[in-house]
Amino acid sequence: MAATCFEDAATAVLSAMLGHTQALLSDSEYAASARLVRGVVHLRPEGGYQRLFGIEHPSGARVTGTGHLTSASVWRWVMEHRCSVSIDVQAGTIQPWLPAGPVLRREPTEPDGVPGDATRERMLVRDATHVHVVPLLAPGGEVEGMIALEVSCKAATGLEFVWDEAHESLGLLAGVAAAYLTVLPPRPMRAPTDELLPVVGASTASLIDMLRVFAQQEETILIRGPTGAGKSRLARWCHARSPRNEQPFETVDLLSVPEDLQMAELFGWKRGAFTGAVKDAAGAISRAAGGTLFIDEIDKLSLKAQSGMLRVLEERRFRPLGDESREQRADVRFIVGTNADLRAAMRAGRFREDLYYRINVLPVRLPPLAERLDELPAWAEYMLRRRHGGDDTARLAPGAVELLASTPWPGNLRQLDNIVRRAYALALVDRGAGPLVIEPRHVERALAYEGTAESQSLVREMWRVAQGFVEEAERCAQRGAPLSLDACDAFRGMVLGAAVRRRGGRDEAFALLGQHHLVKNRNHHRALRRELERARELVRAIGGEADQDLLALLDSLEEMDEKT
């Protein structure tokens, strides 16, 4: 309760759980042979890792390197059954502690939840012969993480262990702590930057810190994030910090590969395998031999190709198309990316469940740019320098940066890069003597071109907003707080606010929107305040943390109106 950050809360609960376990070990028949090794908190809401924090026992030192559990099968079991499990690593058995009903022991012939051979080998290398995993349940009952305790005790292989006595009290400790672990912010930190990752803000520092550890592993990393957020850059960064960093890095963007060619692109082919195969060709897996293969848009993989990828991930073997003579070994580390909800695709039958759990070993979520606005000024400066040969004379005016920060970015970093390049070109046209400065007017003109595409016509955008309103109404209804149709009136306030901001004044905004009679009668100031308040009410009612910037913008427009 006294913790102000996630790390302090995690240290408190791990110390309590490790202390309780140590007391039971000291009173057990294994007192002389058992050694408590470490405890690790895995926070992964919506299935993606958000935090990873552990401490060694008894020193309390921060866990680094490979000191953490990375078993997709254990996580799947905890997610599905919402109960603690104990793993006898050497025996290859799992003991679930079900909330109700008889306790069942899973033997190797019933492998549900048992870590694979490679994971068990890594556990043994770090002296973890017995592992106890407790779910972290959010107040609503969703599993948002887990706590793993590791003990070294070869003498207890295949025998009853202290988890029989400890699981209830350990579950109670984790249950009390979960409400804090899942909401406390990380401790402020600064992650070092480099050429591949030149900008790391407070919003992503903990993610990058965690990926430094993941990069050292051989398991698959799943990067979820919207298009243009930087998934491929992050994948290359992970490769550069992996033991395979001096070997090839290959990328396959499945969005650009037709379904009937996906197998060929991944596995290669022999001459004559299909029409047009006039010579042998190596696939991406062969080209990446010894290194890393990044497969982006994994959700676009056909069901047939999914079957082939599953075999590669399970057996590390593949066969090029048309080659029946021999199989080849897949000596490659996989990183996959997607902007889709793979669980929804799995439920819809578009994505294989077994493949999902094979790639969901080390999942992370890369936030969109709208959730990383603290990074935006530095990214804009970096893009300006990179695109124009490091020209130190070019710079962004403070007002231009403010305008960029207040703009929605559906295209994320990729869209920001386009805008910066376009604004630079426009600034060149106006350049006089002295350094080149990108002013707010250049950014405004650069942004104006974004609306010229047919897909962003006003009618289509209004229809998209209408669909979003209905979806939000459904979510509100599920929470028992219906969203009234009257809330649509808030759109008028947003339109007026956008016009005031763009035209620089209240009178000009109302005239632009055909409200000359209100300006003539001097009633427009009252109308503006009324409409802005409707917009603010909607933001307060359903807006999230990321929408606080919009609320501040609406407040600033009213302040502007009061001054004028």
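Helices H14 and H15 cross with a right-handed sense in this predicted model. H14 spans residues 412–430, and H15 spans residues 440–448. Their axes come within 8 Å. The crossing angle is roughly 125°. An angle between 115 and 145 degrees falls outside the parallel, antiparallel and perpendicular classes, and the two helices are therefore oblique to each other.

Residues from both helices make the contact. H14 contributes Ile419, Arg422, Ala423, Leu426, Ala427 and Asp430. H15 contributes Arg441, His442, Val443, Arg445, Ala446 and Leu447. By class, seven of the residues in this contact are nonpolar. Four are charged, and one is polar.

H14 also holds a residue with an unusual backbone label. Asn412 lies in this helix. Its phi is positive, at about 60°, although Asn412 is not a glycine. The relative accessible area of Asn412 is 2%. Buried means under 20%, so Asn412 is buried.

A second non-glycine residue, Arg82, has a positive phi as well, of about 50°. Arg82 sits in a loop, between H2 and strand E3. Strand E3 covers residues 84–88. Here the relative accessible area is 36%. That value lies between the 20% and 50% limits, so Arg82 is partly exposed. Asn412, by contrast, is buried.

The loop before H2 carries a further backbone feature. His57 and Pro58 are joined by a cis peptide bond. The omega angle of this bond is about 5°. Pro58 belongs to the loop that runs between strand E2 and helix H2. Strand E2 comprises residues 51–56, and helix H2 comprises residues 72–81.

The whole protein gives the setting for these details. There are 564 residues, and 46% of them are buried. The secondary structure consists of 21 helices and 17 strands. Contacts between residues with a separation of 6 or more were also examined. Of these, 67% link residues 24 or more positions apart. The accessible surface of the protein totals about 27,700 Å². Carbon and sulfur atoms account for 52% of that surface.

Technical notes
Residues numbered from 1 in each chain as written. Predicted model: local features only at pLDDT ≥ 70, side-chain atom pairs only at ≥ 80, totals over all residues. Heavy atoms only, no water. Axes fitted to C-alpha atoms, helices over the stretch in contact; angles between N-to-C directions. Helix = DSSP H or I, 4+ residues; strand = E, 2+ residues; numbered from the N terminus. Parallel < 35°, antiparallel > 145°, perpendicular 65-115°, else oblique. Left-handed = near helix turned anticlockwise from the far one by under 90°. Contact = heavy atoms within 4.5 Å. Nonpolar A, V, L, I, M, F, W, Y, C, P; charged D, E, K, R; others polar. Buried < 20%, exposed > 50% of the residue type's maximum accessible area, 1.4 Å probe, protein only. Areas by Shrake-Rupley, 256 points an atom, 1.4 Å probe, with all protein chains shown as cover.
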